[in-house]
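These are my notebook entries on one protein chain. I looked up its overall make-up, then a group of strands, one helix and one surface patch.

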Amino acid sequence: MVANQEAPAAESAPVDAMRLASRWRSPAEWDAAAAALEAEPVPSELNTANSSGLFAVVSIDKMSVKYLGANNHGHDVGVVQADCPAPARRAVYYFEMTVKNAGLKGQTSIGFTTESFKMRRQPGWESQSCGYHGDDGYLYRGPGKSESFGPKFTSGDIIGAGINYISQELFFTKNGSLVGSFPKDIKGPLYPTIAVHSQDEELTVNFGKEQFCFDIEGYILEEKLKQQSASDKLYLQPDISHWIVRSYLLHYGYQDTLNSFDMASETDPPANHQNGYGEPPEIYGLSHRKLLRQLIMNGDIDSAFKRLEEWYPQVIKDETSVICFLLHSQRFIEYIRGEHLENAVKYARANLANFLTHKAFEGLLKESVALLAYEKPSESCIGYLLDSPQREFVADAVNAAVLSTNPSMKDPESCLYSCLEKLLRQLTACSSELRAFNSDQGDTFLLHKEMQTCERSRRP
């Protein structure tokens with residue numbers, strides 16, 4: 001069991017509540033933020049403006065190409081790129097082509113090229129390009145760089161090409177099976193590219209509008225599991241995950257859950273000090289923070305104000321502070337929730353008017369007051385303010401403000417984030433740094449997106 005520790009409180013340090021992990025965001029804002037980070041053009045058709053038109057004709061729907069001409073020499077290639085480069089803000093990019101007709105010589109090919117590629121050459125014949133060729137099954141990676149790679153392909157075969165940003169490799173597939181992969185040594189944006197080079201050759205391309213022959217989702221999962229397997233081999237101190245979870249519960253004042261957690265794991269915290277896991281500063285004011293959270297989560301803001309005035313008056317001494325604003329705005333929201341509109345208006349005039357000139361509070365203040373305009377505010381576009389996550393945000397802000405009064409807390413940042421949240425922030429930063437190292441290529445860790453993925457996977 002955790003014994004509560006109270007100590008003489010220090011002056012409250014300013015708390016930037018907008019930096020809290022649970023900070024106020026509308027669902028639309030979350031989605032927009034994630035979309036902005038991931039937004040980039042995706043190939044959807046063949047580019048008729050940048051192709052070797054003398055030797056190939058692209059269909060009206062821009063999804064197939066057929067060879068024209070007599071193939072008198074090596075430069076008589078009908079090559080065509082996609083309408084934009086392969087997207088790079090993901091784990092893997094992939095596309096496929098179907099050989100509708102291998103033609104006279106079966107000299108079809110698939111690969112990746114750069115924007116400056118000579119459009120009368122097979123992919124892989126020039127530097128900064130690669131191509132898997134059907135007539136010999138060879139992989140071409142620049143002038144004089146060819147090697148036996150896989151089986152030949154002909155009419156009816158479906159050939160795929162992909163970029164693995166996780167391993168920084170390129171790969172090719174045939175009829176749903178992986179042919180092989182090799183290091184990605186081509187710099188700059190890469191365009192999906194296909195080519196025909198003899199009479200009657202015809203190809204169609206699939207940029208993802210139709211289901212792929214190759215199980216690309218399974219491939220991505222397997223690649224991510226390889227990453228996870230490598231991480232799992234790293235040494236971690238015994239029970240470190242237990243202590244990370246425990247520090248999270250301590251940080252946010254979940255005292256009852258913490259006690260149950262300790263009992264279930266048969267943990268005696270003081271006995272573990274020799275392992276370097278002494279009780280952190282978050283033990284400070286635990287029972288007070290527990291009660292304050294309960295009051296706010298129950299919508300009893302008046303009692304929360306009274307308790308703060310009694311226990312930590314310095315937190316609400318500045319009546320224009322962010323903590324006072326959040327508590328007053330939540331009290332106003334609770335009036336709306338209880339359908340006490342007259343009381344809400346009176347309360348807003350008396351307690352929220354002082355914050356009208358504060359730019360930092362402008363967004364939440366406007367959203368909160370706008371609840372008055374709806375007959376059924378819970379069903380409006382700002383109805384999320386009436387949901388429990390908004391109460392949780394206010395509770396977290398108050399929790400951080402109380403922690404900031406702890407005289408033994410050396411790092412002011414510690415009141416904002418638990419160890420678990422710091423690790424997640426570090427994971428996000430490392431993911432971004434890895435992408436920067438790889439020329440801004442690869443998947444970025446987005447906690448909001450990962451949580452949505454987990455939620456979808458749990459649905460029946």
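Entry 1, a term. I count two strands as paired if DSSP finds at least two bridges between them. With that term I looked up strand β13 and noted that the bridge partner of Ile110 there is Ile194.

Entry 2, the whole chain. I note that the model is predicted. I looked up the secondary structure and found 12 helices and 14 strands in the protein chain. Of its 460 residues, 46% count as buried. The accessible surface of the chain comes to about 23,300 Å², and 53% of it belongs to carbon and sulfur atoms. I also looked up contacts with a separation of 6 or more: residues 24 or more positions apart account for 68% of them.

Entry 3, strand β6. I looked up residues 109–113, which form β6, and found five of its five residues buried. Which residues lie on each side of β6? Ser109, Gly111 and Thr113 are on one side, Ile110 and Phe112 are on the other, and all are buried, so both faces of the strand are covered. I then looked up its partners. β6 pairs with strand β7 (residues 129–133) in the antiparallel sense over five bridges, and Ser109 has His133 as its bridge partner in β7. β6 also pairs with β13, again in the antiparallel sense and over five bridges.

Entry 4, strand β4. I looked up residues 78–82, which form β4, and found the strand mostly covered, with five of its five residues buried. How many bridges join β4 to β13? I found four, and the two strands run antiparallel. Strand β13 covers residues 191–196. In this pairing Val80 stands opposite Ile194 of β13. I note that Ile194 is also the bridge partner of Ile110.

Entry 5, helix α10. I checked the length of this helix, residues 388–403. At 1.5 Å a residue, its 16 residues should span 22 Å, and the end C-alpha atoms are 22 Å apart, which agrees. Why is α10 described as largely enclosed by the rest of the structure? The reason I recorded is that 13 of its 16 residues are buried.

Entry 6, a surface patch. I looked up a nonpolar patch on the surface and found that Leu341, Val369 and Leu372 form it. Together they have about 210 Å² of accessible area. Val369 is placed in helix α9, residues 362–370. Its relative accessibility is 35%, so I recorded Val369 as partly exposed, the class between under 20% and over 50%.

Terms used: Residues are numbered from 1 along each chain as its sequence is written. This is a predicted model: local features need pLDDT of at least 70, side-chain atom pairs count only at pLDDT 80 or more; totals for chains, interfaces and linings use all residues. Side-chain values use heavy atoms; hydrogens and water are left out. Patches are made of residues with over 30% relative accessible area and no salt bridge: like charges are joined within 9 Å, nonpolar side chains (Val, Leu, Ile, Met, Phe, Trp, Tyr) within 5 Å. Accessible areas come from the Shrake-Rupley method with a 1.4 Å probe; for residues, only the protein chains shown count as cover. A salt bridge is a side-chain nitrogen of Lys or Arg within 4 Å of a carboxyl oxygen of Asp or Glu. Buried means under 20% relative accessible area, exposed over 50%, partly exposed in between (1.4 Å probe, protein chains only). The expected span of a helix is 1.5 Å times one less than its number of residues. Contact means heavy atoms within 4.5 Å.
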